[in-house]
Amino acid sequence: MRGFGALQTLTALEVMIDEAASVLGRDPVAFRKANLLKTGGKTMVGNVVAGALRSGEVLDRLASKPIWTGRAAERTRRAAAAPNKAYGVGLACVSTVFGTGSDPAFALVEITPAGRISVTSQAVEIGTGVSTALAVRVADRLGVAADTVKLGVLDGWEVLGLVAPPNPFTITAEQQEEGARNPRWVPDVAQDTTASISAHIHTAVADEAANVVLRFGLWPAALAIWSAGRFGGRAAGEFMRLGDARFADGHLTAAGMEPLPLPRLAAKAHEMGLVVAAMVHGYNRWAWAHASFDLPDGRYTGAIDALAVKYGDGASAARTALMTTGGYHRFDRISVTFPPTLFERIGVGYTSASGSVVAVEIDKTTGAVAILDAVTVLECGRALVPEQVRGQAEGGFAMGAGYALHEYLPLYEGGPGDGTWNLDRYRVPRASDLPVWRLDVDVLPPLGPTDVPKGIAELVSIPVAPAILNAIADAIGKRFDALPVTADKIKAALT
Amino acid sequence: MKTMSISMTVNGAGVGPHEVPEGLSMNDYLREYLGLTGTKFGCGIGMCSACVVILDNAEGTSSTVHTCINGADFFAGKSVRTVEGIARDGRLTPVQSAFLDHFAFQCGYCTPGFVNAAQVLIESLAREPAPKAEVDARILAAMDGHICRCTGYVRYYAALRELILADPNLTR
């Protein structure tokens, strides 16, 4: 269900790395650190992965945890206390992709005269919390989280009138250059909610839409309020830059001007006929398409390839007359740069890293594995909603544990396709199978205040299974190469 | 098709009589006849507990009962609470607030079952407080029958532990 392909291969890889370290007499953490792909390093297909690679930090954090540093002493203590049980601690660390290599997204951000913010997205909410992430992300530009988020919306985007080729993965450079001349052409129009892209792709496009509303709506409204009166009012004394704008407690301020709440800004923006809604499209092929648009009040350059806006209720007749496309003023981009088509050959452009350390206790008589304790460390850039990031790691831990120890679906005849399989035969972990009271999820802080949110929802299930397998090997000296590792298999291996 | 007549008390109000097919499950009765779709259908074989409702006994105790494997006739004449009936006058219970505050659920499909079972646990502790040292075991005993695939259970359990330990009426 999560990270399919990566889950299987990285489980095998991390078990083999662990075995190699053991055979060579090397420390499991040091051995991995000596073989890491480092920042700026190239993947197998020759490209550099985006941003900083933080696997080394993840390993260092894992290695610092008492469950790891104290494992030898704990094993000795337990061997004396319960000789019929075998205690083992295992570690695994992986990095894996988020994104598919062709990720488009729409977003619409609107503010009412009363200052209520609404975000509309095609992203589908299945419980991952993309609704909350979208609401939170626009606070960067608008001061407060959105009041309303509409998810899974398929209608209304025809305002942008986009056209795209049938297969975004096989466009030639010439086709892209030709297509770019049409202001409605994009490499791909819409995408499933998939590949852990909600935080990185969908909220980024919402951020762009909110940025347009800030730049062409809230900011000029603020300037108008601050410079009211003779000779430029109280704003005259300072040189005002959008880059200096900050939100304090949801109020917009800059250069010492009195902080203005969103309802006041929104009312002013509507009254002045400024931009109060922005509909945008973004496209990512391991890099963002970016374009420039000439609005009546200035040029906007951003990580989007299509833009339409609405002006406030008080817009002049001339400005109202511009909103000719479904109630929006739609712009033709004056220039656009799409990511190179050769990026289609890249396997992976974005990655995030996570590792787990798991302590198991095996009953030597029955072969049953109890997971006593565990820690997962991950890095996700900026966590928009920390509780949701940790929630993914907690759910991912359960899935990894099920994959390693419980879940089995036979292939072909007699397998789940015959309609007789249910939760009585397919064993998923219950709370009593997991260290529910003790699971430590440790999220590394971002590198800086402008880190982007990275995808992690699939990643966090992947190091768990190999960590468990490595813990079993540590406990009883046996390695297994087929899953699930059931009590029967362990019992057989011990006799 | 043979039919049977069903009436009962649901969330404090009398419902029925309804003439329903013999053998109709309680899950179908709630969802199809009463429009109470808060009670979910999960595995259908009594394993996941997403489908449980609260059965209130005459002597003042309550228990959760699966609606997927029990007929509507099992509940005939009895008093039942569904997840829709947990909040009073729009005010969430401490269990519901705790689950929200802790981001305890994700997709929400198992949540009505968790809410009902947790509510029964809290009410039983209010009648007979447990020693603080037994709280974790009491939570596990009450909730381990509930399967969740999204959350790994961590926040559901943490929410209940915090709720119970913070209320002096529930422990001793």
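Reader: What does a contact mean here?

Author: Contact means heavy atoms within 4.5 Å. Keep in mind that this is a predicted model. Take B:T171 as the case. B:T171 touches B:P129, B:A130, B:K132, B:V135, B:I164 and B:L165, leaving out residues up to four places away in sequence.

Reader: Where does B:T171 lie in chain B?

Author: In the segment after α5.

Reader: Is B:T171 buried or exposed?

Author: Use the cut-off: buried means under 20% relative accessible area. B:T171 has 7%, so B:T171 is buried.

Reader: Now chain A. How many helices and strands does chain A have?

Author: Chain A has 14 helices and 16 strands. The C-alpha atoms fill a box of roughly 90 × 50 × 45 Å along the principal axes. Chain A has 495 residues, and 51% of them count as buried.

Reader: How do I read sequence separation in the contacts of chain A?

Author: Start with the contacts that have a separation of 6 or more. In chain A, residues 24 or more positions apart account for 74% of these.

Reader: Which residue pair in chain A shows distance in sequence against distance in space?

Author: Try A:M279 and A:V109. They are 170 residues apart in sequence, and their C-alpha atoms are 6.6 Å apart in space. A:M279 lies in strand β8, residues 275-284. A:M279 has a relative accessible area of 2%, so this residue is buried.

Reader: Which residues does A:M279 touch?

Author: Leave out residues up to four places away in sequence. A:M279 then touches A:A107, A:L108, A:G156, A:W157, A:V159, A:L160, A:A306, A:L307, A:A308 and A:Y328.

Reader: How far apart are the C-alpha atoms of A:T193 and A:L252?

Author: They are separated by 33 Å, with their positions 59 residues apart along the chain. A:T193 is found in the loop between α8 (173-180) and α9 (198-226). A:T193 touches A:Q122, A:A123, A:V124 and A:S198, again leaving out residues up to four places away in sequence.

Reader: Why does A:T193 count as partly exposed?

Author: Partly exposed is the class between under 20% and over 50%. A:T193 has a relative accessible area of 33%, so A:T193 falls in that class.

Reader: What about the surface of chain A?

Author: Chain A exposes about 20,800 Å². Carbon and sulfur atoms supply 55% of that area.

Reader: And the charges of chain A?

Author: Count each sign, then compare the mean positions. Chain A has 46 positive and 50 negative charges. Their mean positions are 4 Å apart.

Reader: How many aromatic pairs are there over all chains?

Author: Rings pair if their centres lie within 6.5 Å. By this rule there are twelve aromatic pairs over all chains. In one of them, A:W219 and A:W226 have ring centres 5.9 Å apart and planes at 75°, so this pair is edge-to-face. Both A:W219 and A:W226 are buried.

Reader: Which residues do ring pairs link into a cluster?

Author: A:F98, A:W286 and A:Y350.

Reader: What about a charge over a ring?

Author: Look for a Lys or Arg end above a ring face. In chain A, A:R319 lies over the face of A:Y311, at 5.0 Å from the ring centre. In chain B, the charged end of B:K78 sits over the ring of B:F74, 4.3 Å from its centre.

Reader: Where are cis peptide bonds found?

Author: Check omega. The bond from A:L483 to A:P484 is cis, with omega near -5°. A:P484 lies in the loop between α13 (464-476) and α14 (487-494) of chain A. Another cis bond joins B:G16 and B:P17, where omega is about 5°. B:P17 lies in strand β2, residues 13-21, of chain B.

Reader: Which residue other than glycine has a phi near 50°?

Author: B:D89; the value is positive. B:D89 lies in the loop between β5 (79-81) and α2 (94-101) of chain B. B:D89 has a relative accessible area of 78%, so B:D89 is exposed.

Reader: And B:Y153?

Author: B:Y153 has a positive phi of about 75° and is not a glycine. B:Y153 is found in the loop between α4 (135-143) and α5 (154-166) of chain B.

Reader: Is B:Y153 buried or exposed?

Author: The relative accessible area of B:Y153 is 0%, so B:Y153 is buried.

Technical notes: Residues numbered from 1 in each chain as written. Chains lettered and ligands numbered in written order. Predicted model: local features only at pLDDT ≥ 70, side-chain atom pairs only at ≥ 80, totals over all residues. Heavy atoms only, no water. Helix = DSSP H or I, 4+ residues; strand = E, 2+ residues; numbered from the N terminus. Buried < 20%, exposed > 50% of the residue type's maximum accessible area, 1.4 Å probe, protein only. Areas by Shrake-Rupley, 256 points an atom, 1.4 Å probe, with all protein chains shown as cover. Lys, Arg positive; Asp, Glu negative; His and termini not counted. Charge placed at Lys NZ, Arg CZ, Asp CG, Glu CD. Phe/Tyr/Trp six-rings, centres within 6.5 Å; stacked < 30°, edge-to-face > 60°. Lys NZ or Arg CZ within 6 Å of the ring centre and 35° of its normal.
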